[in-house]
Amino acid sequence: MTDPAPAAQAQALPLSRITVLDLTLARAGPTCVRHLADWGANIIRIEPPESGGEDVAGKRDGFDFQNLHRNKRMVRLNLKDPAGHAAFMRLVEKADVIIENMRAAVKHRLKVAWDDVRAVNPRIVYGSISGFGQSGPYGKRAGVDQIVQGMGGLMTITGLPGQGPVRVGIPIADLTAGNLLALAVMIALFDRERTGVGRWVHTSLLEAQVFMLDFQASRYLMNGEVAGQAGNDHPTGIPTGVFPTSDGMINIAASSARVFERFCQAIERPDWPQRPEWSTQNGRSKDRKAINAAIAEITQHKPSAHWIELFEEAGVPCGPINTIDRVFADPQVQHLGIAAPVHSKRLGDIKLVNSPINLTGLPKGIRTATADAGEHTDEVLRSVGYSDAELAKLRAGGVI
């Protein structure tokens, strides 16, 4: 049975009345579901009975799988078997949302596509993530994060000038697509309150990646300019970048005229803004190398902590460049509670990455660690009317 304490916690959260059937794999789909799970939705993850101990996100007890699939109930169900498909459709009747990131051919072959499920439940919100879109010349292709980082232009603007294509250090296309689909699902649920019917909402890794090009994309669309690699230098904010100190490196962002003047006062170079070539943003941009070298010549002689304190007092944005261990040791990160504790039956007391969303008056945290495969199969199927005898028959037939 479900632990009553986490169940009671979920009931206090905004999405507690929403039931979600999770058919996702890998990272993009689970990222979407994780948002819904963290804010109280009743998540029922459907996994095949023959599922091994390893997913694209790694082994079940691994850090990645655990971080993606907390706050869920786990069901093993063979959707290829008619009895398993019938059981799934019985769950669909009472569900509010389905999330999937299968290739189009797979969901149609399994008969769990949008047209299949809305015939059973017209109120269902059906959320999909694909590599390149649900239709079009690439609609049938499988897509993964790094391929889309390249196709979506990101690798040509990441890295040092002339370095060649560089992948961003996080799976940004996967994560962004998941975040956007969670937003789309909430829009569709809100719309359902008006219309009484659900919608198919979908995005793709490619759409998410191009969307994230943001001002470089609009610069091209409006001015025809193709951005290139700028390294640690901000394309427009001068000076903004990475500068050496006597014990490491720091980030400084003195991009506007007002902040640049405060910066120059702080480093005791009030004459710099008076130089004709540095008195305007365009001038500083054209003379980027010279101004960066002049700053580096000053900052390299004192430690990072000195400059961070000095610039903070002067109102100049700055900060250290932390390794991941230092990120979680940072007092502000600790204050924000990003590392959330949770107890796992097999792994003991662990910490995972908490939701970054804060709602006034509502607690956030991780209620349950990732469950065992099939841990809640009987419980969930009983909730839609299956008897013990029927469950035994399904189990004997390898359906669950």
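**Close-up 1. K107 and E100 form a salt bridge.** In this predicted model, the closest N and O atoms of K107 and E100 are 2.7 Å apart. Both ends of the pair can be placed by their accessibility. K107 has a relative accessible area of 1%, so K107 is buried. E100 counts as buried too, because its relative accessibility is 0%. If you would like the wider context, a search of the whole structure finds 20 salt bridges, and the next two views visit some of them.

**Close-up 2. R45 in strand 2 pairs with D22 in strand 1.** Here the two side chains form a salt bridge, and their closest N and O atoms are 3.5 Å apart. Strand 2 covers residues 42-47 and strand 1 covers residues 19-23, so this contact ties together parts that are 23 residues apart in sequence. Are R45 and D22 buried or exposed? Both are buried. The pair also has company: D22, R45, E47, R60 and K72 are joined into one network by salt bridges that share partners.

**Close-up 3. R70 meets D38 in a salt bridge.** The N to O distance between these side chains is 2.8 Å. The contact links distant parts of the chain, 32 residues apart: D38 belongs to helix 2, while R70 sits in the loop between helix 3 and strand 5 (73-76). R70 has a relative accessible area of 1%, so R70 is buried. D38 is buried as well, because its relative accessible area is 6%.

**Close-up 4. A26 and N71 are non-glycine residues with positive phi.** Take a look at the backbone here. A26 has a phi of about 60° and lies in the loop between strand 1 and helix 2. Phi of N71 is near 60°, and N71 is found in the loop between helix 3 and strand 5. How do their surroundings compare? A26 counts as partly exposed, because its relative accessibility is 25%. N71, with a relative accessible area of 5%, is buried.

**Close-up 5. The second largest pocket is lined by 26 residues.** About 870 Å³ of space lies inside this pocket. Which residues lie nearest its centre? They are R27, R34, N67, L175 and V353. Several elements give two or more residues to the lining: helix 2 (28-38), helix 3 (63-68), helix 8 (172-195), helix 15 (324-329) and strand 13 (348-353). By residue type, the lining divides into 13 nonpolar, 7 polar and 6 charged residues.

**Close-up 6. Y138, V144, I147 and M151 make a nonpolar surface patch.** The patch has an area of about 360 Å². One of its members, M151, is found in helix 7, which covers residues 145-151. M151 counts as partly exposed, because its relative accessibility is 37%; a residue needs over 30% relative accessible area to be part of a patch.

**Close-up 7. I321 lies in the loop between strand 11 and helix 15.** Strand 11 covers residues 318-320. I321 has a relative accessible area of 42%, so I321 is partly exposed. To help you find your way, K302 makes a handy reference point: I321 and K302 are 19 residues apart in sequence and 16 Å apart in space, C-alpha to C-alpha.

Note on methods:
Residues are numbered from 1 along each chain as its sequence is written. This is a predicted model: local features need pLDDT of at least 70, side-chain atom pairs count only at pLDDT 80 or more; totals for chains, interfaces and linings use all residues. Side-chain values use heavy atoms; hydrogens and water are left out. On a 1 Å grid over the protein atoms alone, a cavity is a set of points where a 1.4 Å probe fits but cannot get out, and a pocket is an open set with protein on both sides within 12 Å along at least five of seven lines; lining residues have an atom within 4 Å of a point. Grid points are joined across faces, edges and corners, and a volume is the space filled by probe spheres set on the points. Helices (H or I, at least four residues) and strands (E, at least two) are DSSP runs, numbered from the N terminus. Ala, Val, Leu, Ile, Met, Phe, Trp, Tyr, Cys and Pro count as nonpolar, Asp, Glu, Lys and Arg as charged, and the others, Gly among them, as polar. Patches are made of residues with over 30% relative accessible area and no salt bridge: like charges are joined within 9 Å, nonpolar side chains (Val, Leu, Ile, Met, Phe, Trp, Tyr) within 5 Å. Accessible areas come from the Shrake-Rupley method with a 1.4 Å probe; for residues, only the protein chains shown count as cover. A salt bridge is a side-chain nitrogen of Lys or Arg within 4 Å of a carboxyl oxygen of Asp or Glu. Buried means under 20% relative accessible area, exposed over 50%, partly exposed in between (1.4 Å probe, protein chains only).
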